[in-house]
Amino acid sequence: MVEWESVLHDAAERVQEVRDKLVSAREGTERIGEGAGGDITMRVDQEAEQEIIAVLKQKGDVRIVAEEQGETGPKDARWTVIVDPIDGSSNFERGIPFYCTSIAVLEGRTLDDTKHGLVRNLVNGDTYYAQAGSYATKNGAEIKTSTLQNLREATVGIDISRTTLPVVKSLNVLIASIKRQMHFGANALETCFLAEGRLDGFLDIRGRIRIMDMAAGQLIAKQAGAVFSDERGGPLRPAISVKERFSVVGGGNSTLHAHILAKLKG
Ligand SMILES: [Mg+2]
């Protein structure tokens with residue numbers, strides 16, 4: 001029996017040590033190459049992932065889907081662990097204090113099989129964790145999503161980086177209907193802001209979000225009360241693969257989620 005909660009906390013603690021060491025040495029931003037997910041790998045990404053994988057490798061029957069090294073371990077393993085060692089690497093590179101580590105454990109082959117999720121804010125150490133069937137926590141205390149039901153007052157995280165005109169057009173009515181649109185540059189941590197009610201909604205309809213960005217955060221936010229779908233209101237069914245890209249629409253509650261979807265339809 002693997003005690004996943006303590007395994008994930010242990011792995012995140014080791015990533016924190018790597019980050020702290022590199023920041024105090026003013027290192028970590030050296031570019032090493034390209035990760036399996038297609039983004040630039042910096043030294044901090046590589047060292048953080050190596051620490052997580054070292055912890056996971058002791059746990060036996062595990063398949064690992066990780067941003068830098070890609071997919072390893074037996075295909076028929078009982079557990080699949082999805083790892084983004086540093087989500088928000090470009091914030092790290094620029095000294096913008098918003099990035100995290102994200103680790104999710106699946107027992108099965110779909111996002112709905114996510115059993116444990118942990119996201120750690122590496123700037124201040126805030127640690128978000130949830131287990132399927134239980135409540136979500138931040139630093140051990142229960143968190144809940146926003147109860148706001150009207151779009152006019154809503155602050156919504158929307159990733160519009162490198163977006164195209166058709167996507168801008170689909171977002172036009174929504175953005176005009178809400179109080180504020182935000183994007184901080186680390187989707188896993190942004191999803192945790194949805195979980196604790198700092199954001200009322202979160203979406204990325206560019207078809208570019210990755211399983212590494214979403215697996216842990218969506219479990220944490222769901223256990224805190226959030227509702228997720230694809231951009232048309234259907235279930236999220238991404239393949240569990242480092243190459244997969246998809247869209248996601250999240251609301252702090254079902255009413256706000258429905259309002260967001262309605263505005264996307266125009
Ligand atoms: Mg990353």
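**View 1. Strands E7 and E8 pair in the antiparallel sense over five bridges.** In this predicted model, Leu 118 stands opposite Tyr 129 in E8. The two strands form a hairpin, with five residues between E7 and E8. Look in that turn for Gly 125, whose phi is positive at about 85 degrees.

**View 2. Strand E8 is mostly covered.** How many of the residues of E8 are buried? Five of its five residues are. Follow the strand and you will find Thr 127, Tyr 129 and Gln 131 buried on one side, with Tyr 128 and Ala 130 buried on the other. Both faces of E8 are therefore covered, where buried stands for 20 or more other C-beta atoms within 10 Å of a residue's own.

**View 3. Strand E8 also pairs with strand E9 (residues 136-138).** Three bridges join these two strands, which run antiparallel. Which residue of E9 is the bridge partner of Tyr 129? That partner is Thr 137. Tyr 129 thus appears in two of these views, since Leu 118 stands opposite Tyr 129 as well. E8 and E9 form a hairpin with four residues between them, and Gly 133 in the turn has a positive phi of about 85 degrees.

**View 4. Strand E6 (residues 100-106) meets strand E7 (residues 114-121).** Seven bridges join this antiparallel pair. If you would like a landmark, take Leu 106, whose bridge partner in E7 is Thr 114.

**View 5. Eight strands make up an open sheet with mixed pairing.** The order of the strands is E4-E3-E5-E6-E7-E8-E9-E10. Why do E4 (70-72) and E10 (141-142) each have one side without a neighbour in the sheet? Both strands stand at the edges with a single partner strand, so one side of each is left free of a neighbour there.

**View 6. Helices H1 and H2 accompany the strands of this sheet.** Helix H1 (residues 4-24) lies across strand E5 (79-87), E6, E7 and strand E8 (127-131). Its direction is at about 25 degrees to E7. Helix H2 (residues 43-57) packs on the sheet and touches strand E3 (62-66), E5 and E6. The direction of H2 makes about 155 degrees with that of E5.

**View 7. Two residues that are not glycines have a positive phi.** Arg 26, with a phi of about 55 degrees, is found in the loop between H1 and strand E1 (31-34). Is Arg 26 buried or exposed? Arg 26 has 7 other C-beta atoms within 10 Å, so it is exposed, the cut-off for that being 12 or fewer. Asn 139 has a positive phi of about 50 degrees and sits in the loop between E9 and E10. Asn 139 is exposed too, because 10 other C-beta atoms lie within 10 Å.

**View 8. A second open sheet has five strands and mixed pairing.** Its order is E12-E11-E13-E15-E14. The edge strands are E12 (180-182) and E14 (227-229), each of which pairs on one side only. From one strand to the next, the twist averages 20 degrees.

**View 9. Strands E11 and E13 pair in the parallel sense, with helix H5 lying across both.** Three bridges link E11 (residues 155-158) to E13 (residues 201-209), and Val 156 has Gly 201 in E13 as its bridge partner. Helix H5 (residues 187-195) lies across E11, E13 and strand E15 (246-251). H5 runs at about 155 degrees to E13.

**View 10. Helix H4 (residues 165-177) has a kink of about 40 degrees.** Where is the kink centred? It is centred on Leu 171. The end C-alpha atoms of H4 are 19 Å apart. That agrees with expectation, because 13 residues at 1.5 Å a residue should span 18 Å.

**View 11. The whole protein sets these close-ups in context.** The protein has seven helices and 15 strands, and its C-alpha atoms fill a box of roughly 50 × 40 × 35 Å along the principal axes. The radius of gyration is 17 Å, which agrees with the value near 18 Å for a compact globule of 266 residues. Buried residues make up 48% of the 266. Of the contacts between residues at least 6 apart in sequence, 66% join residues at least 24 apart.

Notes. Residues are numbered from 1 along each chain as its sequence is written. This is a predicted model: local features need pLDDT of at least 70, side-chain atom pairs count only at pLDDT 80 or more; totals for chains, interfaces and linings use all residues. The radius of gyration is taken over C-alpha atoms; the globule rule is 2.2 Å times the number of residues to the power 0.38. Two residues are in contact if their C-beta atoms, placed from the backbone, lie within 7 Å. Two strands pair if DSSP finds at least two bridges between them. Axes are lines fitted to C-alpha atoms, for helices over the stretch in contact, and angles run from 0 to 180 degrees between N-to-C directions. The expected span of a helix is 1.5 Å times one less than its number of residues. The bend at a residue is the angle between axes fitted to the seven residues ending there and the seven starting there.
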